[in-house]
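This report describes the strand arrangement of a protein chain and the setting of one loop residue. The sequence and structure are shown first.

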Amino acid sequence: LIIPLQDAKAGEWIMYDLGSGMQTKETILQVENNMALIRSELFYEGHLTNTTVETLPLDSNVYVDTKLLEQGKIHITNEELPLGGNHIEAQVLEVKGDDGYTLTYISNTVPVHGMLMIMLNQAILIQAVDWGVNPEE
């Protein structure tokens, strides 16, 4: 199982398209004592609408419910995902629920939570569109 925050560095960021004119940007502000301080900014049509900050342990994967994993309800495969002109090796977490199935694509190639895309019943809910490092963060 990929643990994306294990090599987190301050200044790393990733931008996601949420559809309907909404985007979110996740930025690592600080890494200290095996914890990452992460700022989340929500944008609507390019305008900042909300900012939150959370602290997460570096050994966490926010996309995996450990109970479901232990119960064998998460199926994990590997796949190459074409994104941003690149082909990125990703781990695919498939969870079947009452409302269908969710596919979450994660990779150590992209920063912060490592999430590339989430799909629900083949519809894209959220997709990474850009990422990088701002050393001044």
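## A buried loop residue and its sheet

In this predicted model, His-113 has a relative accessible area of 7% and is therefore buried, the cut-off being under 20%. His-113 lies in the loop that joins strand 7 (100-106) to strand 8 (115-120). Leaving aside residues up to four places away in sequence, His-113 touches Pro-4, Glu-26, Ile-38, Glu-54, Leu-56, Val-62 and Tyr-63.

The strands on either side of this loop pair with each other in the antiparallel sense. Ile-106 is placed opposite Met-115 of strand 8.

Strand 5 (residues 74-83) and strand 6 (residues 86-97) are likewise antiparallel partners. Within this pair, Ile-76 faces Leu-93 of strand 6. The hairpin formed by strand 5 and strand 6 has 2 residues between the strands, and Gly-84 adopts a positive phi near 60° there.

The two pairings are listed below.

| Strand pair | Sense | Bridges |
|---|---|---|
| Strand 5 and strand 6 | antiparallel | 10 bridges |
| Strand 7 and strand 8 | antiparallel | 5 bridges |

Both pairs belong to an open sheet of 9 strands with antiparallel pairing, in the order 4-3-2-1-9-8-7-6-5. Strand 4 (47-57) and strand 5 occupy the edges; each has a single partner strand, so one side of each lacks a neighbour in the sheet. On average, and with direction ignored, neighbouring strands of this sheet are turned by 20° against each other.

Terms used
Residues numbered from 1 in each chain as written. Predicted model: local features only at pLDDT ≥ 70, side-chain atom pairs only at ≥ 80, totals over all residues. Heavy atoms only, no water. Helix = DSSP H or I, 4+ residues; strand = E, 2+ residues; numbered from the N terminus. Buried < 20%, exposed > 50% of the residue type's maximum accessible area, 1.4 Å probe, protein only. Contact = heavy atoms within 4.5 Å. Pairing = 2+ DSSP bridges. Axes fitted to C-alpha atoms, helices over the stretch in contact; angles between N-to-C directions.
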